[in-house]
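Welcome, and please load the model in your viewer. We will go from one selection to the next, and at each stop I will tell you what is there.

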Amino acid sequence: MTGVSAQRILLVIGGGIAAYKALELIRRLRERSYVVRAVMTAAARHFVTPLSVTSLTGTKVYDDLFAVSDEATMGHIELSRDADLLVVAPATADLLAKMARGHADDLASTLLLATDKKILVAPAMNVRMWLASPTQRNVATLREDGVLFVGPEDGDMACGEHGPGRMSEPAAILGAIEAALRGETRIPLPQHLAPGRRLAGRRVVVTSGPTHEPIDPVRYIGNRSSGKQGHAIALAAAEAGAEVVLVSGPVALQDPAGVSTIRVETAQEMLAAVEAALPADAFVSVAAVADWRPAAPAPEKLKKGRGTAPALTLVETPDILAKVAARPSGRPALVVGFAAETENLLDHARSKLARKGCDMIIANDVGAAGSVMGLDANEVTLLTPGSAETWPRMSKSEVAHRLVERLADMLDRLDHER
Ligand code: C5P
């Protein structure tokens, strides 16, 4: 026996085909002397019977919000407060949505809302449901609320599809439960994780594209950034298993698959969206954020014809990268910036690295000779406080994949040093 005896787990079993794995999880928890109380949603009863659950937990199964006899013995608030940890396995898309919105229309959702304890969820659903924007938004909200996640894994699904959405195996969930009870907020990656998914379990926030700073309702100050490099990085990070939030300025690109994309116009909106997407393990600031904006955008379209051009007074926009890098708490472990320069590339990029307080700057020459804006290829130099490395010219997608590998190396090293 390795667990701490008498620690109490409240297990919420959601309605999905993976519910059968919850039985195995209960068995393993009981072997380690945990006290397990189980709550089943109405849908869960279609997949496993309350009798199997109660036989394994050795206690009654709770499933009714309004059961008078339960209220007499243990009210629903007490049921969730009595536990050391709440575990939701399988966590269906519907249950995650209810949790994210704070619904309390059955016993499971009420307990999850009423608790003052940590919650660990093991999502299980069809790959498309997992990748759907509403689910990804709910996952992001729950993470911000401090909910811990284990999985989902990549693999073949009961519905015949393949991709992320399989519930983690009971052994991995058990590992995550023990880590959560130790107070760890980073749940260890399952050992059998497929190679290549180096960012699984990580959260990455990427900015991309230009910003548009309004002069009047129809005119703006902008730049030539296409968003291709930032979008490619967001997609590559998602393919490597990260949960990715992409905050994009106005671009003519599709939202990348498997990424939560938030569209903004101005630098101020981009800053607000980035701050709302934190905390994260890495922040990659690829956007070509306008450095200045008109101080007072005109409420109506400016008219010509008075013989003089209007004078534009500009003020500085917030420096999103510098602000994220300087966060006193909740600074991502890795803060990466881009430096698009037309001259003295490396000198400017190196001083930017220091001035903005980031961990790495990726410099690219956007001058006439090495023009990259809007093209599919890029030539970059990676600068850290102690190193400079120039990569040969390659596609933006290849830069993205190589960069994601590098981010994974750096994050693994940081974990190791901690
Ligand atoms: O200062 P400069 O615009 O050249 O810096 C480039 C880096 O800083 C990029 O990573 C860009 O996304 C970021 N940046 C920012 N907010 C600004 C200006 C630049 O995040 N207002």
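Start with the ligand: select α12 (320-325) and β17 (334-341), which each supply at least two residues of the shell around the ligand. Helices (H or I, at least four residues) and strands (E, at least two) are DSSP runs, numbered from the N terminus. Which element gives the most to this shell? That is β17, with 3 residues. Now add Ser 285, Val 289, Ile 320, Leu 321 and Gly 337, which come nearest among the 14 residues around the ligand. A residue is near a molecule if its C-beta atom, placed from the backbone, lies within 6 Å of it. Colour the shell by class and you should find 7 nonpolar, 4 polar and 3 charged residues. Here Ala, Val, Leu, Ile, Met, Phe, Trp, Tyr, Cys and Pro count as nonpolar, Asp, Glu, Lys and Arg as charged, and the others, Gly among them, as polar.

Before going on, a word on what you are looking at. This is a predicted model, in which local features need pLDDT of at least 70, side-chain atom pairs count only at pLDDT 80 or more, and totals for chains, interfaces and linings use all residues. Residues are numbered from 1 along each chain as its sequence is written.

Zoom out to the whole protein chain, which has 14 helices and 22 strands. Of its 418 residues, 45% count as buried. Buried means that 20 or more other C-beta atoms lie within 10 Å of the residue's own, exposed that 12 or fewer do, and partly exposed is in between, with C-beta atoms placed from the backbone. Two residues are in contact if their C-beta atoms, placed from the backbone, lie within 7 Å. Among the contacts with a separation of 6 or more, 69% are between residues 24 or more positions apart.

Next, select the open sheet of 6 strands in the order β3-β2-β1-β4-β5-β6, where the pairing is parallel. Its edge strands are β3 (61-62) and β6 (148-149), each pairing on one side only. Strands count as paired if DSSP finds at least two bridges between them.

Within this sheet, highlight β1 (residues 8-13), a mostly covered strand with 5 of its 6 residues buried. From β1 the chain crosses through helix α1 (residues 19-31) to β2, a right-handed β-α-β crossover. Right-handed means that, with the strands pointing away from the viewer, the path from the first strand over the helix to the second runs clockwise. β1 pairs with β2 in the parallel sense over 6 bridges, and Leu 11 stands opposite Ala 38 in β2. β1 also pairs in parallel with β4 (residues 85-91), over 4 bridges; look for Val 12 opposite Val 88 there. Moving outward, 2 bridges join β2 (residues 35-40) to β3, with Val 39 opposite Tyr 62.

For a contrast in direction, select β18 (residues 360-365) and β20 (residues 380-384), an antiparallel pair with 4 bridges. Ile 362 faces Leu 382 in β20. β20 is also joined by 4 bridges to β21 (residues 387-390), again antiparallel, and a hairpin of 2 residues links β20 to β21. Thr 381 stands opposite Thr 390.

Now pick helix α10 (residues 228-239). Is this helix enclosed or open? Because 11 of its 12 residues are buried, α10 is largely enclosed by the rest of the structure. Its cover includes β9 (203-208), β12 (243-248), β14 (282-285), β19 (377-378) and α14 (396-417). After α10 comes Gly 241, with a positive phi near 100°.

Two single residues finish the tour. Trp 292 is in strand β15 (residues 292-294) and counts as partly exposed because it has 14 C-beta neighbours inside 10 Å. Leaving out residues up to four places away in sequence, Trp 292 touches Leu 314, Val 315, Glu 316 and Thr 317. Lys 301 lies in the loop between β15 and β16 (314-316), and its 10 C-beta neighbours inside 10 Å are why it counts as exposed. Draw a C-alpha distance from Lys 301 to Pro 217: they are 5.9 Å apart in space but 84 residues apart in sequence.
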